[in-house]
Structure formats: C-alpha cells, structure tokens
Amino acid sequence: GGLGDDGHPLSTAERFLPESGLWELLPAMSERRWEVPAAVAAGKLYVCGGSGAGSARLCTAERYDPVSCRWEKLPNMLERRSSAAVTAM
C-alpha cells in the first residue's frame with residue numbers, strides 16, 4: 001500500500017529480509033490502498049481497511065501467506081476504517 005509518485009493508491013507491498021538486508025516485493029494485493037493498518041499474526045500479514053481511490057475509506061481486509069506467496073481476501077469489516085491502528089495478541 002501507500003501512494004505512488006502520481007498520488008494514486010498502490011496495491012504493492014514489500015517485506016524486509018533480515019538475513020540479506022534487502023526488501024522483497026510481494027505479489028499485488030487485490031485492492032489498492034493507503035493509510036492501511038497492518039499486523040502479523042500466526043506468521044501471516046493482515047491489512048485491514050485503509051483509503052482507496054479518491055480517499056474513500058475501505059471496509060475490505062486481506063492477509064498475505066508467506067508460505068503460498070499469495071494474498072487471501074477476508075470477509076469485509078462491519079465499518080470502513082482508515083488511519084486506524086492494529087495489534088496482534
């Protein structure tokens with residue numbers, strides 16, 4: 001997620017590989033988003049809400065599985081959220 005040089009939301013994400021000290025580009029998320037909270041739980045990366053095109057708040061969520069190298073769509077949240085905070089427990 002984030003904003004590109006053109007000011008439009010991105011569908012890309014990266015992960016840091018500490019063993020090599022490099023960043024790796026992940027497959028594209030199903031939706032472009034920015035201002036998105038993210039957390040890791042049970043070895044998977046979760047992104048929830050954020051802002052989409054035209055700064056519309058999103059209720060969508062998805063998770064990245066590093067074993068299958070794929071994003072999975074999750075059920076929509078009940079409310080739209082952007083600039084929120086998340087934590088893993």
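**Close-up views of a predicted model**

**View 1. Strand β5 and the surroundings of R63.** Let us start with R63, a residue found in strand β5. Please keep in mind that everything shown here comes from a predicted model. The side chain of R63 is joined to that of Y46 by a polar contact of 3.1 Å. Setting aside neighbours within four places in sequence, R63 is in contact with K44, L45 and Y46, and also with R70, W71, E72 and L74.

**View 2. The hairpin of β5 and β6.** Here we follow β5 to its partner, strand β6, which spans residues 70-74. The two strands pair in the antiparallel sense, over five bridges. Which residue of β6 is the bridge partner of Y64? That partner is W71. Four residues lie between the strands of this hairpin, where C69 takes a positive phi near 55 degrees. For anyone thinking about confidence, β6 has the highest in the protein, at a mean of 96.

**View 3. Two aromatic pairs.** The structure holds two aromatic pairs, and both deserve a look. In one of them, the ring centres of F16 and W23 are 5.2 Å apart and the planes stand at 55 degrees, so this pair is tilted. The rings of Y64 and W71 have their centres 5.3 Å apart and their planes at 55 degrees, so this pair is tilted as well. Are the members of these pairs buried or exposed? F16 counts as partly exposed because its relative accessibility is 41%, while W23 counts as exposed at 55%. Y64 is buried, with a relative accessibility of 4%, and W71 is buried too, at 14%.

**View 4. The largest nonpolar core.** Y64 and W71 turn up again here, as members of the largest nonpolar core. This core has six residues, with A13, L26, M29 and V47 completing the set. V47 is a good place to pause: not counting residues up to four places away in sequence, V47 touches two other core members, M29 and W71. Its further contacts are R33, V36, P37, A38, T60, A61 and E62.

**View 5. L58 in the loop between β4 and β5.** This view moves to the loop between β4 (44-48) and β5 (61-65), where L58 is found. Is L58 buried or exposed? Its relative accessibility is 8%, so L58 counts as buried, the cut-off for that class being under 20%. Apart from neighbours within four places in sequence, the contacts of L58 include E31, R32 and R33, the run G49, G50, S51 and G52, and then M77, E79, R80 and R81. The C-alpha atom of L58 is separated by 9.0 Å from that of N76, a residue 18 places away along the chain.

**View 6. R57 in the same stretch of chain.** R57 is also found in the loop between β4 and β5. With a relative accessibility of 48%, R57 counts as partly exposed. Residues up to four places away in sequence aside, R57 touches G50, R80, R81 and S82. Of these, G50, R80 and R81 are also in contact with L58. How far apart are the C-alpha atoms of R57 and R15? They are separated by 24 Å, with the two positions 42 residues apart along the chain as the spacing.

**View 7. Confidence across the model.** To close, here is the protein by its pLDDT, with a mean of 90. 100% of the residues reach 70 or more. Confidence is lowest in strand β1 (residues 14-17), at a mean of 90.

Definitions and conventions: Residues numbered from 1 in each chain as written. Predicted model: local features only at pLDDT ≥ 70, side-chain atom pairs only at ≥ 80, totals over all residues. Heavy atoms only, no water. Buried < 20%, exposed > 50% of the residue type's maximum accessible area, 1.4 Å probe, protein only. Contact = heavy atoms within 4.5 Å. Phe/Tyr/Trp six-rings, centres within 6.5 Å; stacked < 30°, edge-to-face > 60°. Polar contact = N/O pair within 3.5 Å; in protein donor to acceptor, adjacent residues only side chain to side chain. Pairing = 2+ DSSP bridges. pLDDT = per-residue confidence, 0-100. Core = buried A, V, L, I, M, F, W, Y, C linked by side-chain atoms within 4.5 Å.
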